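Here are my notes for you on this one. Have the fold open while you read, and go through the points in order.

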Amino acid sequence: MHSVIVVAHPEPGSLTHAVANRIGDAILAASNGNTIEVADLAAEGFDPRFNAADNALFRQTAAPPADVAAEHARLDRADALVLVYPLYWWSFPALLKGWIDRVFTQGWAYADGADGKVAKKLQHLQVHLVGLGGADAGMIERRGYGAAMKTQIDMGIFDYCGARVQSSTLLLESDSGTAEAHLHTAAGIGRTIGASAAA
């Protein structure tokens, strides 16, 4: 199984990066046949701004821009996609949202049919979401943020394209000394992903 781990945080020394690394290490340790590729969007300089070339691709009047085509190729090689990100305003940070906007394109991730039906083109892809936030679970529950994120991200993005969200984990209170517990959880996520290859 080949997993692409996408991390969206500007600081390489962040807990977000540490969690992504721990997941990757556990995937590799779970099976000799597992491989991973880490896409550090900030370090790679991915431009999240949807531009005229992206709009032309959406309208099916141009080929994908080179950076988008490279991401398509990266995900075409993947069996699993793992997104590791800090929660910004109860969603993805702009860098990751822009990656989704530009990469999950009409014609590649989904296709609008003449009959009005959507062809879901990413059914081969297993998705694992790992968000890190400073709030506690009580706040998430009281304000309905968890359900809102599930609707927006799990259903609104991935189900629309046919990708299966296999796990969605929030690592909360990450500013209050929970780093070791979160790294332990990350290792468990990685072991689960890695073990699914053997199954």
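1. Start with α4, which lies across β1, β2 and β3 and runs at about 155° to β2. Axes here are lines fitted to C-alpha atoms, for helices over the stretch in contact (heavy atoms within 4.5 Å), and angles run from 0 to 180 degrees between N-to-C directions. Helices (H or I, at least four residues) and strands (E, at least two) are DSSP runs, numbered from the N terminus.

2. A word on the source: this is a predicted model, where local features need pLDDT of at least 70, side-chain atom pairs count only at pLDDT 80 or more, and totals for chains, interfaces and linings use all residues. Residues are numbered from 1 along each chain as its sequence is written, and side-chain values use heavy atoms, leaving out hydrogens and water.

3. Now the sheet: five strands, in the order β2-β1-β3-β6-β7, make an open sheet with parallel pairing (two strands pair if DSSP finds at least two bridges between them). β2 (35-40) and β7 (164-171) are at the edges with a single partner strand each, so one side of each has no neighbour in the sheet. From one strand to the next, the twist averages 15°.

4. Look at β3 and β6 (residues 126-132) next: seven bridges join them in the parallel sense. Val84 has Val130 of β6 as its bridge partner.

5. Is Gln60 buried or exposed? Neither: at 49% relative accessibility it counts as partly exposed (buried is under 20% relative accessible area, exposed over 50%, partly exposed in between; 1.4 Å probe, protein chains only). Gln60 sits in the loop between α3 and α4, and has a positive phi of about 65° although it is not a glycine.
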